[in-house]
Each structure stands twice: as C-alpha cells, then as structure tokens.
Amino acid sequence: MRGVRRVVASVGAAAVLAMGAGNAEAEAPKFSGVTAIGTHNAYEKDKYPYFAQALDSGASLLELDVYVDSLSHRWRVSHSNPFGNDNNCEAAKNPDELYGKSRNQDLGSCLDNIAAWNRLHPDHPPIVFKVEMKVGFNNRAGMGADEFDTLVSRKLGGSVFRPADLLGGTYSTLDAAARADAWPSRDAMRGKFLFELIPGTVEQSNPFDHYWTDKEYGDHLRDLSAAGRISEAQAFPAVLGAENGDPRAGRYDASIRPWFVFFDGDAATYVNKGYDTSFYSANHYILITTGADGVSPAISSTDPTAAEVAARLALLAKNHASVITSDWAAEPASVLGSVTPRG
C-alpha cells in the first residue's frame, strides 16, 4: 500500500503546478517563481550508488562537499576526510562509462560525470549544485576561486548558468538583476546547471579563518566585474543561515552585498520563528531551505510518504522557498522532480 500512496500523492503534487496553467506565465514560470526539491549530500554512496543516479533522481538540487587538499592540490569530495575521496563519483568521462566505473573520485571526476550525463539528457530541467567548501579556498596553494572557476568551466562549458548570464549585459550587479526578475524561465534553462557556494563546517569552526567562502567569492565577483571579467565566474555565493530581514546588511561590506542573490538556511528556523520570508520572493532571490523534514510537524528525514513530501513542498512554497532539501534520496523521480508555484 505504501507504493500506491506514493503514486497517488505524486500525481497530486504534479497537478499543483498544472492547476495554474491557465495563462502563459503559469505555463512557463521563471526560475525564481517556483519551489522545487533537492537532496542533501547526494554524493554519498548510501544515498545513491553512483552520482549519475543522483542526477537521474529528478531532484532540482544536489549537494557536494569539497575539501581543498593543499598537499596534493586536489579537490577532494568527502564528508569528513580532507585527504581522501569518499563519494559516488566515478572515473567516467563518457555516457557509456556511467553506472559502473570505480568510485571515490575527486571533484573533477564528479564534473566529468555531470558532463557525460548531460549528453544523455540535454533537455533536463535546471539543477543546482550546492557546493560546501569544507575548509574554504586556499589561494596560497593555487586552489582559490579562480581555479575553481577554471575547473568548472573546463569540464562543463556552456552548460553552466553563470552570474554573467543573469546580468545579461544589462545589469551592473546580481542584486539589480534579481530585483528586476531577470531570471529566465525554467524552460529556457533546460540543460543548465547552477553552482551555489557556501562556507564549510570546518572553515566556520576554525578560529584562525576569518575569510570564509561566501565573503571570498563575493569579493571575487566584485573584482571580476570591476575588471570586465565577470564572464569567468561560474558560481553564486550564498548567504548561509536563517535570519529575519536582510542578512547581508550585518555581514558584508557594502561593496559586495549586491553580489549575493542566493540565501541558504534551516527551514524550521524560517517557518517556526515566523520570519518574513516574503523578502526573498519579492526581490526574486533564490532561497534554499534545508532540513525541510524538521518543520513542525516533523516528518521522516529519509523515507516520508509522497503525500507528506507534497504537503511539505506546498507549505514551504507558501513560505517563499525556491528549493527545499532533505535526505529523501529514496523517493522516486515523480516525487523529487515535483515543482510548484512559489509564494
């Protein structure tokens, strides 16, 4: 009966978006105008045996934890090992190599898997890769924001939706572009990937590190723009942590505040504390709400019913989320691929 409940509920969830299809805007919503579902730590082998299966899942956001290994000059992908890879990315560069090669590869191979999968599914909906830089960047070791951009660009090329694409040659900052709702429609972003960068847990707990990933990449965007090189940037830095009001004001220098249009925080904190999240949708910012299962009343963090996921998606859409995330990797694509109008 569990499977039956899931099928029925997933059909209902899919219908949520169709119900508003009476006008052109509803038929082709903007990227900023919908709420979708993502999977936490999708690189872990207990979530998916292979990262290509995470891409198959239908989820609109997948997370990667990255360590800068300054000794080997490698971008390690792991939850807790800074000197080794522990993940489901495989040594596969071509579509026919996916789903069977050796795993525990570095970030470059994860990107190779993404590129190979993209060749099989060129019309997929946009997917956000949430990259937690566990220990931050290390410019002194030649593993800074520039090198990250170079790696992503080399591996994925034109399939990345970049900050410059949002600016569109029209707006001077990402904030100006977002407020004007310059985001393309989801249909126009088919085949595209977006990269969200957040500071890592190790970085945040390091008493000697006061230059976290968010600020560093914000500076990077500002400086690239001033130099006429904004097209080189491949990622969007996110303001991490749920706060009321505009969380940029108390954290960043005024020169980089306009370069943050991604926000990322705990879903239960936003909802249970009654924060005014309309700020995010009114300005067309992208709001990632994590731990969606923990919003009262809590549901399973790993194996909820499809009806529970659909109800949680609807609730957080009303609370202006762009993407809700949890450890729901076991859900079918019909559930993880659900999208509903935001706000």
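1. Two strands are said to pair where DSSP finds at least two bridges between them, and strands themselves are DSSP runs of E, at least two residues long, numbered from the N terminus. With that in hand, Ala238 stands opposite Phe262, a residue of β7. The model under discussion is a predicted one, and the points that follow should be read with this in mind.

2. Strand β7, which spans residues 262–266, is paired with two strands. Towards β6 (residues 236–240) the pairing is parallel and runs over 3 bridges, whereas towards β8 (residues 286–290) the two strands also run parallel and 5 bridges join them. On the β8 side, Gly265 is found opposite Thr289. Strand β7 is mostly covered, in that 4 of its 5 residues are buried.

3. The loop between β6 and β7 holds Glu243, whose side chain makes a polar contact with the side chain of Arg251 at 2.7 Å. Setting aside residues up to four places away in sequence, Glu243 touches Arg251 and also Tyr270, Tyr275 and Tyr280. Is Glu243 buried, exposed or partly exposed? Glu243 counts as partly exposed because its relative accessibility is 31%, and the partly exposed class lies between the limits of under 20% for buried and over 50% for exposed. As for its place relative to Ala330, the two residues are 87 residues apart along the chain, and their C-alpha atoms are separated by 31 Å.

4. Asp69 belongs to strand β2, which covers residues 61–69. Since its relative accessible area is 4%, Asp69 is classed as buried, the cut-off for that class being under 20%. What does the side chain of Asp69 make a polar contact with? The partner is the side chain of Ser72, at 3.0 Å. Beyond residues up to four places away in sequence, Asp69 touches Arg74, Arg76, Pro82, Phe83 and Met143, and a colleague checking the surroundings of this acidic side chain may wish to view these residues together with Ser72.

5. Three backbone features deserve a careful look, because most residues other than glycine have a negative phi and most peptide bonds are trans. The peptide bond from Ser296 to Pro297 is cis, with omega near -5 degrees, and Pro297 lies in the loop between β8 and α12 (306–318). Tyr99, although not a glycine, has a positive phi of about 70 degrees; this residue is found in the loop between β3 (74–77) and α4 (107–120), where its relative accessible area of 33% makes it partly exposed. His320, likewise not a glycine, has a positive phi near 75 degrees and sits in the loop between α12 and β9 (323–326). In contrast to Tyr99, which is partly exposed, His320 counts as buried, at 16% relative accessibility.

6. Finally, how many cavities of 30 Å³ or more does a search of the whole structure find? The search returns 3 of them, and the largest has a volume of about 60 Å³. Its lining consists of Phe31, Val34, Ala36, Ser60, Pro126, Arg186, Ser322 and Val323, and these residues divide into 5 nonpolar, 2 polar and 1 charged.

Technical notes:
Residues numbered from 1 in each chain as written. Predicted model: local features only at pLDDT ≥ 70, side-chain atom pairs only at ≥ 80, totals over all residues. Heavy atoms only, no water. Buried < 20%, exposed > 50% of the residue type's maximum accessible area, 1.4 Å probe, protein only. Polar contact = N/O pair within 3.5 Å; in protein donor to acceptor, adjacent residues only side chain to side chain. Contact = heavy atoms within 4.5 Å. 1 Å grid on protein atoms, 1.4 Å probe; cavity = no way out; pocket = protein on both sides within 12 Å on 5 of 7 lines; lining within 4 Å. Points joined across faces, edges and corners; volume = space filled by probe spheres on them. Nonpolar A, V, L, I, M, F, W, Y, C, P; charged D, E, K, R; others polar.
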